[in-house]
Amino acid sequence: MFDPSPDALLTLTASRLPRLIALILTGSGLAICGVILQQILRNRFAEPATIGGMEAAKLGILVALTSIPTSGALVRMGFAMVFCLMASAVFVAILSRIRFRDAVLVPVIGLMFAGVLSALAEFYAFSRNILQSMQGWMIGDFSRVVQGQYELIYLILPVVAVTYLFARRFTVLAMGQDMSESLGLRYRPMVALGLVLVSATVAATVITAGAVPFVGLVVPNVVALWRGDNLQKTLPLVAMSGAILLLLCDILGRVVIYPYEVPLGLTVGGLGGVIFLVLILRGTR
């Protein structure tokens, strides 16, 4: 920042600032996604990585790459969003048929569902000889974020704005369909809106940097334990905390084996996995 040379300025504007913006928007967006899914499913362990959203987006991108080889990032994001939306709707439909379920059953079903989608994506990639490429770009890695290749991530901004606009309705949504409708809330349209917002965020994130798991699980739970469940008051804190978490994990990944770099998906996945287990053990007591 204090080097006046053209090379330093180019590095700052073409790489460093885009990476910083992408990290902030991704962390905020995925944390908001976790809040939305937890309200819809009425379960603290729901987030895109635990209900198959990331895997569905991956499958959608693979279908776009093979069916329309000349497709741009916008078309691939559209495929990812549609596949993620369909997978989320199927998962909600599956849970609606389960009459009795405890807090741990939902993420277990979600991880099984995600495993099926991941197997389908890997078989699809293997049959078309692009498995190695898929495994490379699906790891959450912000080192390849540069100017001109990350702008789709700005789609998260209207998602956050719409979520805050409907914060009260999403809070009521967590009371269940019968109670929500008795309070005058149109339950199904709100669920559909929530799933669209989640799908758009996941698609933009996967297209830009790959899969980043557990942000939507860790951040909303920590904020809820600290500040409660009133989304209109806690959503700004959730968004800020998600951004801070990704920034800290990115710094950790860049210094732990310096001058090399650990992909962000690995650092967040490791930290998030530990916290996920702690939350499950805490919830079963």
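This is a short talk on how the helices and nonpolar cores are put together in this structure. Please keep in mind that the model is predicted.

I'll start with the core. The largest nonpolar core has 75 residues, and the members that touch the most others are F91, F142, L173 and V215. Which helix gives the most to this core? That is α9, residues 187-209, with 13 residues. There is also a second, separate core, made of five residues, among them F45, F214, L217 and L279.

Let me stay with F142 for a moment. Setting aside residues up to four places away in sequence, F142 touches R19, A22, L23, T26, A209, V212 and L264. Two of those names, R19 and L23, come back when I get to the contact of α1 with α11.

Now the helix pairs. Two packed helices are described by the angle between their axes and the distance between the axes. I have three pairs to go through.

The first pair is α6 with α9. Helix α6 covers residues 156-165, and its axis comes within 10 Å of that of α9, crossing at roughly 155°. Angles over 145 degrees count as roughly antiparallel, so that is the description for α6 and α9. The crossing of α6 past α9 is left-handed. On the α6 side the contact uses I156, V159, V162 and T163, and on the α9 side L193, L197, A200, T201 and T205. Sorted by class, that makes six nonpolar residues, three polar and no charged ones.

T205 of α9 is worth a closer look. Is T205 buried or exposed? Its relative accessible area is 1%, and the cut-off for buried is under 20%, so T205 is buried. Apart from its neighbours within four places in sequence, T205 is in contact with T26, L30, I153, I156, G210 and V212. Of these, T26 and V212 are also touched by F142.

The second pair is α1, residues 6-41, with α11, residues 231-255. Their axes are 8 Å apart, at an angle of about 135°. The two helices are therefore oblique to each other, and α1 passes α11 in a right-handed crossing. The contact list is long to read out, so I'll give part of it: from α1 it includes R16, R19, L23, T26, G27 and Q39, and from α11 it includes L231, G242, L246, D250 and R254. By class there are 13 nonpolar, five polar and four charged residues.

The third pair again involves α11, this time with α10, residues 215-227. Here the angle is about 130° and the axes are 9 Å apart. That pair is therefore oblique as well, and α10 passes α11 in a right-handed crossing. V215, V219, V223, W226 and R227 of α10 meet T234, L237, V238, S241, G242, L245 and L246 of α11. The class count is eight nonpolar, three polar and one charged. V215 was also named earlier, among the core residues that touch the most other members.

Last, a residue in another helix. V90 sits in α3, residues 73-96. Its relative accessibility is 41%, so V90 counts as partly exposed. How far apart are V90 and F113 in sequence and in space? They are separated by 23 residues in sequence and by 9.7 Å, C-alpha to C-alpha.

That is where I'll stop.

Conventions:
Residues are numbered from 1 along each chain as its sequence is written. This is a predicted model: local features need pLDDT of at least 70, side-chain atom pairs count only at pLDDT 80 or more; totals for chains, interfaces and linings use all residues. Side-chain values use heavy atoms; hydrogens and water are left out. A nonpolar core is a set of buried Ala, Val, Leu, Ile, Met, Phe, Trp, Tyr and Cys residues joined through side-chain atoms within 4.5 Å. Buried means under 20% relative accessible area, exposed over 50%, partly exposed in between (1.4 Å probe, protein chains only). Helices (H or I, at least four residues) and strands (E, at least two) are DSSP runs, numbered from the N terminus. Contact means heavy atoms within 4.5 Å. Axes are lines fitted to C-alpha atoms, for helices over the stretch in contact, and angles run from 0 to 180 degrees between N-to-C directions. Angles under 35 degrees count as roughly parallel, over 145 as roughly antiparallel, 65 to 115 as roughly perpendicular and the rest as oblique. A crossing is left-handed if the near helix is turned anticlockwise from the far one by less than a right angle, and right-handed if clockwise. Ala, Val, Leu, Ile, Met, Phe, Trp, Tyr, Cys and Pro count as nonpolar, Asp, Glu, Lys and Arg as charged, and the others, Gly among them, as polar.
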